[in-house]
Amino acid sequence: MSEKEEKPKKKSRREFLQDIGIVGVGTLIGGSAIFAGINYDKRKKQGERIKVLTAENELLEIEKSDTTKVTKSPLKNLTYLQKEGRDGLKGHRWVMVIDLSKCRNARKCMAACNDAHHLRPEQHHINTLKMQDAKDTPAYYMPKPCMHCDNPPCVAVCPVDATFKRADGIVLIDNERCIGCRFCVAACPYSARVFNWAEPLHSHEDENLTYDVELNVPQRKGTISKCLFSADRLREGKLPYCVSACPNGVFYFGDENEDAVTNGTTKETVRFKKLLEDNGGYTLMPELGTLPRVYYLPPKGKEYPFQDKDKKEAGERLES
Amino acid sequence: MATKSNTDKITSDLLRPIRLNKSFVIWMGFLGVSLVICLGAYGLQLKNGMVVTGLGDYVSWGMYISSFVFFVATSLIGMLISAVLGLSGQKWASPLARIAEIIALAFASVAGIVIILDMGRPERLLNVIIHGQIQSPILWDVTVVTVYMIISALFLYIPLIPDLKICSEKLKNLPPFARNIYKVLSLNWNNTPEQNKIIKQTTRTIAIFIIPVALAIHTVTSWLFANTSRAGWDSTIFGPYFVTGAFVAGTAAVIIAMYFFRKNYKLQDYITDNHFDMIGKLLVLVSLVYLYFNLNEYMVPFYKMKESEAILIRDLFAVNHAVLFWSVQILGLVLPIILLLFKKMRKPLPMLVIGIMVLLGAWFKRMIIVVPTQEHPYLPIQNVPLNFKIYTPTLVETLITIAPFILVLIIITLLAKVIPIIPVHETIEQLEDAPISPKGDLK
Ligand code: SF4
Ligand code: SF4
């Protein structure tokens with residue numbers, strides 16, 4: 001250290017200048033190295049490590065900064081959703097059971113459905129009808145969704161395969177393909193189909209949404225819509241919109257393969273076949289051979305009175 | 001042998017209408033302007049969607065589809081007059097063959113346009129080809145109507161070849177390019193016996209071939225309805241019921257056309273009272289057959305009164321649609337049959353009136369078949385606005401429905417302006433045949 005201190009004194013002016021130069025360059029290099037180091041550290045601290053699951057089912061841990069976000073083009077997304085929508089949910093056979101003895105015409109199912117599918121108030125995927133079968137039989141309320149027929153006339157007549165039957169039993173629509181011929185409306189004996197005669201309710205807000213076949217949103221002018229058994233909710237493992245919205249325990253929904261259906265209100269799960277057997281389950285208009293996947297339990301021992309104001313409408317067809 | 005002067009007279013009589021005159025220009029102008037107005041209405045439908053119509057989720061097929069059925073129906077007449085009557089040796093009908101073919105071609109080609117008017121997404125028309133589903137009756141319909149259109153065009157064109165040659169030679173006052181077109185289209189026709197033979201054989205082959213295709217187009221069209229399980233459509237006799245109804249409509253259309261061509265083109269010597277008499281009898285015949293099918297179609301369900309059908313039958317016979325139903329059946333079918341039994345009524349003017357009655361009846365009959373069934377589905381119509389329950393067509397919809405009719409009139413007028421409406425070559429030939437023993441086989 002002392003030696004060092006002495007040295008400068010002995011140095012010529014030229015040497016001195018040389019030294020300054022070296023120190024200068026050194027400082028510069030060192031400084032920038034330190035600077036770069038700090039910077040490097042900073043970056044390192046920011047990037048946490050994340051776990052990713054590869055397509056081969058391998059769990060890897062990688063630097064988050066090493067990942068790049070894949071942005072799918074909307075076109076690809078749509079194709080993907082269309083394919084997914086057609087494939088359906090493997091291994092399931094969805095069924096619905098509607099217990100008419102419980103329906104009080106609360107219409108919460110209709111409201112929830114219209115809300116989910118962005119429908120106009122007069123468009124019904126599910127419609128609660130006031131029914132009376134003969135002059136002296138009691139009137140009752142009957143929620144009527146699409147029957148998701150196993151032999152669906154709507155699918156048979158569609159010229160472009162825009163309405164189709166999936167392996168899990170659901171009949172869906174692809175409104176990106178539908179040409180709006182309404183042959184399916186004419187062919188459906190259950191009046192289950194609605195058409196977008198005008199610009200749909202939320203067409204402006206929904207403009208940038210990618211079309212989801214399983215939700216049929218955004219709705220499109222000039223195309224068909226109908227009950228979808230809430231295929232989007234089923235994919236998430238949830239019950240359909242109408243089923244969960246009912247306050248009176250009318251709906252059971254489940255899987256025929258598992259022989260189990262769950263009540264949307266009580267969340268109680270029961271045996272599907274037993275439920276039908278114990279309560280005299282039936283389907284609507286079986287003589288047409290459409291093989292509905294929606295079953296009804298008769299309005300036996302209703303705990304509610306049929307509203308007087310609805311009697312006239314229920315009996316309308318009997319008078320004529 | 002026909003004298004030269006006779007031949008010349010026929011040629012000049014029949015070619016006379018082929019020239020530009022004032023009434024033609026005015027008539028076309030009128031049609032053009034009307035078409036533009038109707039297209040404006042269609043523009044509204046494209047922009048706002050099909051709310052501009054009176055259709056709803058229950059009655060979702062209305063005037064457009066009824067019109068489509070009507071157009072396909074009327075186009076069948078080409079097959080009846082040119083093929084069936086031609087093949088069975090009914091020589092009286094041969095001067096009418098071309099009129100019938102023009103009507104057939106016009107209605108068949110516009111039928112496709114009518115169906116587009118009914119589509120919610122007409123811009124996706126090609127999906128029918130890209131994603132076509134062979135099990136859908138619409139696919140069958142598209143296929144057979146296209147085939148029928150092409151065959152009808154050939155059926156009009158092939159027998160026309162000799163006349164085209166005559167046109168190119170005789171129409172001296174036409175500009176050269178027009179005469180050239182005739183010449184090119186006449187494919188070097190020289191009236192050699194060999195050529196005559198080819199034309200006759202080809203015409204005969206097409207005549208045979210067109211019969212099953214024509215039956216197919218209307219049978220398939222009827223299946224658009226009969227293949228659904230709806231009260232009023234779910235019927236096994238819809239095929240023949242529609243086909244016979246088609247003959248009634250088509251014959252009426254030919255009668256109306258005969259009247260106007262005869263009058264405007266001064267063809268009294270060629271479309272004679274005898275022709276009216278004969279086609280009047282034909283109309284009686286086809287109407288009687290149609291009446292028989294009507295009896296089957298309505299009386300059997302009326303006797304059984306199954307619940308869903310009972311509602312429909314009551315509606316037709318006595319409630320909402322009763323006035324239209326009975327007017328159509330009586331004014332459009334029964335009364336014409338009775339009137340036409342009298343020879344006095346089988347004269348041009350009365351026939352025109354009857355023809356119009358029958359044709360109007362035929363259009364409304366299609367409405368009666370299409371609409372009421374949809375107003376009475378199996379399950380009650382509830383919780384929807386009133387206009388969903390009862391179908392009332394709107395003005396815009398009516399204008400759009402008129403558009404294809406204008407188009408048909410334009411096509412018929414144009415065709416009748418550029419080709420001789422009565423076959424010239426054949427008429428001369430028949431004249432030659434008449435005094436001598438049959439030389440050229442006309443069948
Ligand atoms: S109820 Fe109607 S819309 Fe639903 S699957 Fe059956 S035919 Fe098709
Ligand atoms: S309206 Fe759409 S879904 Fe229905 S039959 Fe026509 S193309 Fe198929």
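Hi everyone. When I say a residue is buried, I mean that its relative accessible area is under 20%, with a 1.4 Å probe and protein chains only. Please keep in mind that this is a predicted model.

Let's start with chain A. By that cut-off, 47% of its 320 residues are buried. Chain A contains ten helices and 13 strands. Looking at contacts in this chain between residues at least 6 apart in sequence, 60% link residues at least 24 apart. On the outside, chain A exposes about 17200 Å², and 55% of that comes from carbon and sulfur atoms.

Now for the ligands. What comes nearest to ligand 1? Of the 13 residues around it, the answer is A:Cys146, A:Met147, A:Cys149, A:Cys154 and A:Cys188. The shell as a whole has ten nonpolar residues, one polar and two charged.

Ligand 2 also has residues of chain A around it, among them A:Cys158, A:Cys178, A:Cys181 and A:Cys184. A:Pro159, A:Val160, A:Ala162, A:Ile179 and A:Ile224 belong to its surroundings too, along with A:Gly180 and A:Arg182. By class, that shell splits into nine nonpolar residues, one polar and one charged. Gly counts as polar in this scheme, and Arg as charged, so A:Gly180 is the polar member and A:Arg182 the charged one.

Finally, over to chain B and its surface. Here B:Leu324, B:Ile356, B:Leu360 and B:Phe364 make up a nonpolar patch, together offering about 310 Å² of accessible area. Which helix gives the most to this patch? That would be α15 of chain B, residues 348-375, with three residues. B:Leu360 sits in that helix.

Thanks, and I'm happy to take questions!

Terms used
Residues are numbered from 1 along each chain as its sequence is written. Chains are lettered from A and ligands numbered from 1 in the order in which they are written. This is a predicted model: local features need pLDDT of at least 70, side-chain atom pairs count only at pLDDT 80 or more; totals for chains, interfaces and linings use all residues. Side-chain values use heavy atoms; hydrogens and water are left out. Patches are made of residues with over 30% relative accessible area and no salt bridge: like charges are joined within 9 Å, nonpolar side chains (Val, Leu, Ile, Met, Phe, Trp, Tyr) within 5 Å. Accessible areas come from the Shrake-Rupley method with a 1.4 Å probe; for residues, only the protein chains shown count as cover. A salt bridge is a side-chain nitrogen of Lys or Arg within 4 Å of a carboxyl oxygen of Asp or Glu. Helices (H or I, at least four residues) and strands (E, at least two) are DSSP runs, numbered from the N terminus. A residue is near a molecule or strand if one of its heavy atoms lies within 4 Å of it. Buried means under 20% relative accessible area, exposed over 50%, partly exposed in between (1.4 Å probe, protein chains only). Contact means heavy atoms within 4.5 Å.
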